[in-house]
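Good morning, and thank you for making time for this presentation. Please have the sequence and the structure open while I speak.

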Amino acid sequence: MAARPRGTEDVLPEQAVRWRRLEAAAHELAGRYGFGEVRTPVFEHSDLVHRIGQSTDVVQKETYDFADRGGRRLTLRPEGTAPVVRACLQGGLFARGLPAKVYYVGLSAFRYERPEAGRLRQHHQFGCESFGADGPAADAELVALCGAFLSAAGVRGAVAHINSIGCRNCRPGYRAALQEYYRERLPSLCGDCQRRFQDNPLRLLDCKVDRAAAEAAPQASAHLCGACADHHRGLRLLLGVAGVAFVDDPLLVRGFDYYSRTVFEFVHTGLGSQSGLGGGGRYDDLVADLGGPPLPAAGFGVGLERLLLALEAEGGSPAAAEGPELFVAGERAEVVFALCQQARTAGVRAEFDPLGRSLKAQFRHADRLGARFVAVLAEDGATLRDMRARSQIELPVAEVLPRVRAAAGL
Ligand SMILES: [Zn+2]
Ligand SMILES: [Zn+2]
């Protein structure tokens, strides 16, 4: 029997209920915060994907690159931001007035990673991007929205960690300070960090192997230029007055190196090493780097698989049964099917047993599905059983549907 490719997941009906609930919360909240939906292709020109973050692990060695039959170099998107920027530029969205605020949900992203819990080769994201505002209010709005989404999804143990990693003016000084600090420790650094030392010293703070070294390292806050320090003060002030809880995390850097100033991450206390549920930050240089005009921007992404894991770790309520409102049972298929079809046309979730089994087996089937009402059709009328109240009445077949619709509020 064929198996699905490694690092991918199937979503079967019971699990799909959870997915739809997350997606519904994302659509509702993004709309409430004034973001409009965008959808982009699963693959992009490799050029676009590889133009961002030359020193980013994902872009360096974890992408799915291929040539199509026409010899074009294409890449399955490893994240949402660059494709969204490309789509907004191509669609002229930024020319229609600023800010431009967009979101995506259920966006599949592909990374060739070693599969483990919470890390998949195809995963799905909810993300929001805000273009055109350079002040901290845009950052604060995104942190608030990300937190509201996690709450709406049912997560309780997630906290916003925030930090500033400076801008193109002040980050070189901070990078130099980190390199100086780590230089004498270089021989004892892990393999990843050996490479990060040259390419992306900020990621040294991310090392999972040597936390003590990271904790004693120089902090970005001491190296921010005046404008970056003002921006970060502004963000903290706005979050404070709006009652959005956060903690300052001087060790927080994000995987992508296109960020500037604000970075944030919602950290879950019950997820072990994969504790980041989602986050983002400001990327004021990215739009221009991708061939657009200079345009300040900020955004975040939430991995939906990891969010579902967090909900499981919290012992979240099982998916509410979406059982039928009416199960139609009986020995004559033509009357059973006719009433079932009539009910469905009238907007009732209705079900019957297409296997034509015994009445007893039909009842077991109705029970397994979690039916609210079961109607048993006979020659001279029907018996309508209320499975919740555990009561039943006799009535003419024609009255079954009106009664069920009334009970279901239809
Ligand atoms: Zn700066
Ligand atoms: Zn390391």
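I begin with a single residue, aspartate 285, which counts as partly exposed because its relative accessibility is 23%. Please keep in mind throughout that we are looking at a predicted model. Aspartate 285 forms a salt bridge with arginine 168, and the closest N and O atoms of the two are 3.2 Å apart. This pair links distant parts of the chain: aspartate 285 sits in the loop between S10 and helix H10 (286–289), arginine 168 sits in the loop between strand S7 (158–164) and helix H6 (171–183), and the two are 117 residues apart. Arginine 168 has a relative accessibility of 54% and therefore counts as exposed.

The structure holds 20 salt bridges, and I will discuss two others. Aspartate 139 is bridged to arginine 282, with 2.6 Å between the closest N and O atoms. Aspartate 139 belongs to helix H5 (residues 136–153) and arginine 282 to strand S10 (residues 276–282), so the pair ties together parts that are 143 residues apart in sequence. Is this pair buried or exposed? Both aspartate 139 and arginine 282 are buried. Asp139 and Arg282 are also linked with Asp284 in a network of salt bridges.

The other example lies within one helix. Glutamate 28 and arginine 32 are both in helix H1 (residues 13–32), four residues apart, which is about one turn of the helix. Their side chains meet in a salt bridge at 2.8 Å, N to O. Glutamate 28 counts as partly exposed because its relative accessibility is 41%. Arginine 32, at 59%, counts as exposed.

Let me turn to the overall division of the protein. There are two domains: domain 1 covers 13–170 + 224–313, and domain 2 covers 326–407. Taken over C-alpha atoms, the centres of domain 1 and domain 2 are separated by 48 Å.

Next, the sheets. One is an open sheet of eight strands with mixed pairing, in the order S1-S5-S6-S11-S10-S9-S7-S8. Its edge strands, each pairing on one side only, are strand S1 (36–37) and strand S8 (246–248). Helix H4 (residues 81–90) packs on this sheet, where it touches strand S5 (100–110) and strand S6 (122–131); the direction of H4 makes about 50° with that of S6. Elsewhere in the sheet, S7 and strand S9 (residues 260–268) pair in the antiparallel sense over seven bridges. Serine 164 has threonine 262 in S9 as its bridge partner.

There is also an open sheet of five strands, again with mixed pairing, whose order is S13-S12-S14-S15-S16. Which strands form its edges? They are strand S13 (350–352) and strand S16 (391–395), each of which pairs on one side only. On average, neighbouring strands of this sheet are turned by 20° against each other, direction ignored. Strand S12 (residues 326–330) and S13 run parallel and are joined by three bridges. Within that pairing, phenylalanine 327 stands opposite glutamate 351 in S13.

Two helices accompany these five strands. Helix H13 (residues 359–369) packs on the sheet and touches S12, S13, strand S14 (373–378) and strand S15 (381–386), with its direction at about 170° to that of S12. Helix H14 (residues 400–407) lies across S12, S14, S15 and S16, and runs at about 15° to S15.

Leucine 369 is located in helix H13. With a relative accessibility of 24%, leucine 369 counts as partly exposed. Leaving aside residues up to four places away in sequence, leucine 369 touches Gly323, Pro324, Phe327 and Glu351. Two of these contacts, Phe327 and Glu351, are the residues that stand opposite each other in the S12 and S13 pairing. From leucine 369 to glycine 323, the separation is 46 residues in sequence and 5.4 Å in space, C-alpha to C-alpha.

I close with the metal site. Which residues coordinate the zinc ion (ligand 2)? The donors are Cys190 (SG), Cys193 (SG) and Cys207 (SG), at 2.1 to 2.2 Å. Their spacing in sequence is C-x2-C-x13-C. Cysteine 193 lies in helix H7 (residues 191–199), while cysteine 207 lies in the loop between H7 and helix H8 (211–215), so this pair ties together parts that are 14 residues apart in sequence. Cysteine 193 and cysteine 207 are both buried.

Note on methods: Residues numbered from 1 in each chain as written. Chains lettered and ligands numbered in written order. Predicted model: local features only at pLDDT ≥ 70, side-chain atom pairs only at ≥ 80, totals over all residues. Heavy atoms only, no water. Pairing = 2+ DSSP bridges. Axes fitted to C-alpha atoms, helices over the stretch in contact; angles between N-to-C directions. Contact = heavy atoms within 4.5 Å. Domains from an automatic or database assignment. Donors = N, O, S within 2.8 Å, 3.2 Å for Na, K, Ca; no water. Buried < 20%, exposed > 50% of the residue type's maximum accessible area, 1.4 Å probe, protein only. Salt bridge = Lys/Arg side-chain N within 4 Å of Asp/Glu carboxyl O.
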